[in-house]
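Here are my notes on this one, written while paging through the model. Have a look at the structure first, then go through the points in order.

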Amino acid sequence: GWGPADVLLHVPVTLALKDAVPQVSIVAPYHTVRLAVAFDTAQLKQFDNLADLGETLIGTEQASIGSLLVARQDGGRFRGNLRHFRNASLAVADLRAGKLAAVIALRGELEAALAGQPRYRIVSAPFPVSVHTAWPVGMAVKKASTELAAALTAAVAERTASGELARIFARHH
């Protein structure tokens, strides 16, 4: 049917969001999302920081945190290296095609897209510690749905304790 959903997945678990949306409860954190860089070892020997790009290109999803961070780094020094894509999958396709040296995106997206391909390495995003490149995600439910919130919290706790959640993530790279 139409109307508000009962559960929204993959919601950032932050105090700012909790305060900004009082109609919902944000519960059951189940994963930490991390920004990362995948690079083609045929084009780059290493990737410790953006200077390692030289003149090569890095792809990122348009209007993403990765795009913003690369564009602002060192006073905009790397803006010319950036290529924007509608989503991370399209950027990874150009990485595989040799059109890019690297892609900055969420680690989970990169791991899933490049699983079993040793030509590509995935490293942590090379930004200062003061920049948030990781955040927990959970679920949002309507504020009045306390029973549903409790059930979801218990289900995530059980699946974490049993190792099932880790196995699901591993199965999907």
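1. Let's start with Val70, which sits in helix H2. Keep in mind throughout that this is a predicted model. Buried or exposed, then, for Val70? Buried, because its relative accessibility is 0% and the cut-off for that label is under 20%. Leaving out residues up to four places away in sequence, Val70 touches Leu50, Ile58, Phe78, Leu82, Ile104 and Phe127. There is also a long-range approach to look at: the C-alpha atoms of Val70 and Pro126 are separated by 9.5 Å, with the two positions 56 residues apart along the chain.

2. Now the rest of that helix. Val70 has company, as Gly66, Ser67, Leu69 and Ala71 are also on the list of buried residues of H2. Which strands help to cover them? The cover includes S2, S3, S4 and S5.

3. Follow the chain out of H2. Just after the helix, Asp74 takes a positive phi of about 50 degrees, so to speak a spot to click on when you check the backbone. Gln73 belongs to the loop between H2 and S4. Despite being a loop residue, Gln73 counts as buried, at 18% relative accessibility; with the cut-off at under 20%, I'd quote the number along with the label. Its contacts, not counting residues up to four places away in sequence, are Leu50, Phe78, Phe127 and Pro128.

4. Back to the nonpolar side of things. The largest nonpolar core has 19 residues, and Val70 is among those with the most contacts inside it, together with Phe47, Leu50, Ile58 and Phe127. Strand S2 (24-40), helix H2 (65-72) and strand S5 (102-106) each put at least two residues into this core. Apart from it there is another core, made of 13 residues, including Ala38, Val92, Ala105 and Leu114.

5. Ile58 deserves its own point. Setting aside residues up to four places away in sequence, Ile58 touches Phe47, Leu50, Leu53, Val70, Asn81, Leu82, Arg83, Leu100, Ala102, Val103 and Ile104. Two of these contacts are also bridge partners: Leu82 in S4 and Ala102 in S5.

6. That leads to the sheet. S3 and strand S4 (residues 82-85) run parallel and are joined by four bridges. What is the handedness of the β-α-β crossover from S3 to S4? The path goes through H2, and the crossover is right-handed. S3 also pairs with S5, again in the parallel sense, over three bridges.

7. Thr60 is worth a click while you are there. This residue is found in strand S3 (residues 58-61). Thr60 counts as buried, because its relative accessibility is 0%. Its contacts, neighbours within four places in sequence aside, are Gly66, Ser67, Leu82, Arg83, His84, Phe85, Ala91 and Ile104. Gly66 and Ser67 in that list are among the buried residues of H2.

8. Finally, the charged pairs. How many salt bridges are there? The count comes to seven. One of them joins Lys142 and Asp6, whose closest N and O atoms are 3.7 Å apart. Lys142 is in strand S7 (residues 134-142) and Asp6 in the segment before strand S1 (7-12), so this pair ties together parts that are 136 residues apart in sequence. Lys142 is partly exposed, at 34% relative accessible area, whereas Asp6 counts as exposed at 52%.

9. Two further salt bridges to look at. Lys99 and Asp94 meet through their side chains at 4.0 Å, N to O; Lys99 counts as exposed, with 55% relative accessibility. Glu164 and Arg159 form a salt bridge as well, with the closest N and O atoms 3.9 Å apart. Both ends are partly exposed, Glu164 at 32% and Arg159 at 35%. Through shared partners, salt bridges join Glu158, Arg159 and Glu164 into one network.

Methods
Residues are numbered from 1 along each chain as its sequence is written. This is a predicted model: local features need pLDDT of at least 70, side-chain atom pairs count only at pLDDT 80 or more; totals for chains, interfaces and linings use all residues. Side-chain values use heavy atoms; hydrogens and water are left out. A nonpolar core is a set of buried Ala, Val, Leu, Ile, Met, Phe, Trp, Tyr and Cys residues joined through side-chain atoms within 4.5 Å. Buried means under 20% relative accessible area, exposed over 50%, partly exposed in between (1.4 Å probe, protein chains only). Contact means heavy atoms within 4.5 Å. Two strands pair if DSSP finds at least two bridges between them. A crossover is right-handed if, with the strands pointing away from the viewer, the path from the first strand over the helix to the second runs clockwise.
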